[in-house]
Amino acid sequence: GPSESDLPQPEERLTNRAYIYPDIRFATKELVCGNILYSNTWDKNDKTISFNYDIKKEKEILLEDIWQQKLNMTDTLSNYFTAIGKPGFTYKYFNITPQGLRFFDELDPLYGRKEETIPYAILKKWTRRKSPIRNLINEE
């Protein structure tokens, strides 16, 4: 276990704090999707944790679960973002939303997040037949 010197001392307890800010973007009986912003007093940068969770299967949904294997996901997304006038758009995270897949990056304290949502009508041709979002595509 930790040594006595590793434990916070009483005078430090009021200065060391961690905070989380949850943001649920979409929730149904089958899915819960969003992100958590994690911040603390000892790191300079906030951290984002993105999640897309399949409640019935009790597992996280990854982009690989959605995307057709034969497509190069990185190239397809890069070409799409260039075609809509966002060349060089980079993302680290994604969420399933009622409107489509939302791609976004880290939170910039000054400028917010860069984000872009690809509608399901466009995603339809890129997704697996048994994709976890197939029922959302078919609703359109």
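**Pocket and three-stranded sheet**

Biologist: What volume does the largest pocket have?

Modeller: Keep in mind that this is a predicted model. Rolling a probe the size of a water molecule over the atoms shows where empty space is left. For the largest pocket, the volume comes out at about 200 Å³.

Biologist: Which helix gives the most to the lining of the largest pocket?

Modeller: The largest pocket is lined by 12 residues, and among those nearest its centre are Pro132 and Asn135. The top contributor supplies 3 residues to the lining and spans residues 134–139. That's helix H4.

Biologist: How many residues of the lining of the largest pocket are charged?

Modeller: Glu30 and Asp54 are among the residues nearest the centre of this pocket, as is Leu31. Across the lining, 4 residues are nonpolar and 3 are polar. The charged ones number 5.

Biologist: On to the sheet. Which strands are its edge strands?

Modeller: This is an open sheet of 3 strands with antiparallel pairing, in the order E5-E6-E7. An edge strand pairs on one side only, and that holds for residues 93–96 and for residues 115–119. So the edge strands, each pairing on one side only, are E5 and E7.

Biologist: How many residues lie between E5 and E6 in their hairpin?

Modeller: E5 and E6 run antiparallel and are joined by 4 bridges. Within that pairing, Tyr93 sits opposite Phe104, while Ile96 has Leu101 as its bridge partner. The hairpin they form has a linker of 3 residues.

Biologist: Which residue in E7 stands opposite Phe104?

Modeller: Strand E6, residues 100–104, runs antiparallel to E7 and is joined to it by 5 bridges. Phe104 faces Tyr93 in one pairing. In E7, its opposite number is Glu115.

Biologist: Why is E6 largely enclosed by the rest of the structure?

Modeller: Buried here means under 20% relative accessible area. In E6, 5 of the 5 residues meet that description, so the rest of the structure largely encloses the strand. In a word, its residues are buried.

Biologist: Are Phe94 and Ile96 of E5 buried or exposed?

Modeller: E5 is covered on both faces. Tyr93 and Asn95 point to one side, with Phe94 and Ile96 on the other. Those four residues are all buried.

Biologist: At what angle to E7 does helix H2 run?

Modeller: Neighbouring strands of the sheet are turned by 20° against each other on average, ignoring direction. Helix H2, residues 73–83, lies across E6 and E7. Relative to E7, H2 runs at about 100°.

Terms used:
Residues numbered from 1 in each chain as written. Predicted model: local features only at pLDDT ≥ 70, side-chain atom pairs only at ≥ 80, totals over all residues. Heavy atoms only, no water. Pairing = 2+ DSSP bridges. Helix = DSSP H or I, 4+ residues; strand = E, 2+ residues; numbered from the N terminus. Axes fitted to C-alpha atoms, helices over the stretch in contact; angles between N-to-C directions. Contact = heavy atoms within 4.5 Å. 1 Å grid on protein atoms, 1.4 Å probe; cavity = no way out; pocket = protein on both sides within 12 Å on 5 of 7 lines; lining within 4 Å. Points joined across faces, edges and corners; volume = space filled by probe spheres on them. Nonpolar A, V, L, I, M, F, W, Y, C, P; charged D, E, K, R; others polar. Buried < 20%, exposed > 50% of the residue type's maximum accessible area, 1.4 Å probe, protein only.
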